[in-house]
Amino acid sequence: MDTIQPNILIVEDDEHINNIIFDVLQRENFICTQAYSGSEGIMNVTRQEYQLIILDLMLPGLPGEDFMHQLRINLSIETPVIILSAKDKLDHKLNLFKLGAVDYVTKPFEVEELLARIHVHLKRTSRTGSVTRYRHKNLVLNSETLNVKVNHTDLKLTRQEYKILELLIKNPERVFTKQDLYELAWEDIYIGEDKTITVHISNIRNKIKQHDEQTYIDTIWGIGFRLKK
């Protein structure tokens with residue numbers, strides 16, 4: 001299992017401003033991705049999970065308002081977004097807040113203020129979500145909402161399939177026997193029914209494979225199963 005580290009996407013077409021923000025965040029040891037258009041930003045969020053997005057509004061191709069609509073409505077991605085824009089009218093700000101922005105910084109801006117706001121929102125995100133989220137490769141499991149995503153796509157799992165996957169991702173070094181998985185996932189006594197676990201493991205693999213060709217569950221012959229490293 002990988003620890004989710006702060007990963008920030010900067011969507012800003014002004015190369016100078018984009019680089020300034022990138023350099024400041026790099027010095028804070030954040031992982032950063034730079035995008036210079038709205039469409040490039042959307043491409044990034046469909047390939048990678050971010051803890052925060054910094055978004056300009058006046059972008060080539062896909063404006064920031066359309067980016068927010070695609071992010072929230074079409075993709076159902078709830079990543080916090082800080083708007084960074086020269087548009088300073090109240091109606092612009094209110095519209096972006098309605099679309100799901102968490103903050104609005106008006107250009108020209110002080111880098112120190114932007115950095116302070118970034119820290120505030122990352123701390124807030126950490127308190128509300130990171131404790132219950134587990135990530136392995138392109139799979140993210142939220143044990144609070146009982147939701148599993150692979151490449152940002154929800155997996156429709158049965159109760160037992162979810163429990164099996166949760167056991168594996170929370171214990172990445174452990175090899176689970178069929179008896180372990182049955183008794184923990186079903187909360188019942190195992191009576192040697194081999195096919196039940198095998199079928200459920202196969203179903204999980206097939207559902208993941210529809211969205212990612214990587215292997216997530218290893219079979220340890222003669223013993224059981226564990227998370228694929």
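## Exercises on a predicted model

In this predicted model, F97 is partly exposed, with a relative accessible area of 38%.

**Exercise 1.** Determine where F97 lies and which residues join it in a nonpolar surface patch.

*Solution.* Begin with the secondary structure, where F97 is found in helix α4, which covers residues 90-98. Then recall that a residue enters such a patch only with over 30% relative accessible area, and that F97 has 38%. Finally, look at its partners: L90 and L94 make the patch together with F97, and its area is about 300 Å².

**Exercise 2.** Find which residues of helix α2 are buried, and explain why they line one face of the helix.

*Solution.* First list the buried residues of α2 (residues 38-47), which are G38, G41, I42, N44 and V45. Next look down the axis of α2, where these buried residues fall within an arc of 160°, so they line one face of the helix. The general background is that an α-helix has 3.6 residues a turn, so residues three or four places apart point the same way. Lastly, identify what they pack against, namely the strands β1 (7-11), β2 (31-35) and β3 (52-55) and the helix α3 (64-74).

**Exercise 3.** Describe the largest nonpolar core and the second, separate one.

*Solution.* Start with the largest core, which has 25 residues, and in which L139 and L181 touch the most other members. Then ask which elements supply it: β7, β8, α6, α7, α8 and β12 each give at least two residues, while α6 gives the most, with six. Turn last to the second, separate core of 20 residues, which includes I42, V45, L71 and V81; of these, I42 and V45 are among the buried residues of α2.

Methods
Residues are numbered from 1 along each chain as its sequence is written. This is a predicted model: local features need pLDDT of at least 70, side-chain atom pairs count only at pLDDT 80 or more; totals for chains, interfaces and linings use all residues. Side-chain values use heavy atoms; hydrogens and water are left out. Patches are made of residues with over 30% relative accessible area and no salt bridge: like charges are joined within 9 Å, nonpolar side chains (Val, Leu, Ile, Met, Phe, Trp, Tyr) within 5 Å. Accessible areas come from the Shrake-Rupley method with a 1.4 Å probe; for residues, only the protein chains shown count as cover. A salt bridge is a side-chain nitrogen of Lys or Arg within 4 Å of a carboxyl oxygen of Asp or Glu. Helices (H or I, at least four residues) and strands (E, at least two) are DSSP runs, numbered from the N terminus. Buried means under 20% relative accessible area, exposed over 50%, partly exposed in between (1.4 Å probe, protein chains only). The arc is that of the directions from the helix axis to the C-beta atoms. Contact means heavy atoms within 4.5 Å. A nonpolar core is a set of buried Ala, Val, Leu, Ile, Met, Phe, Trp, Tyr and Cys residues joined through side-chain atoms within 4.5 Å.
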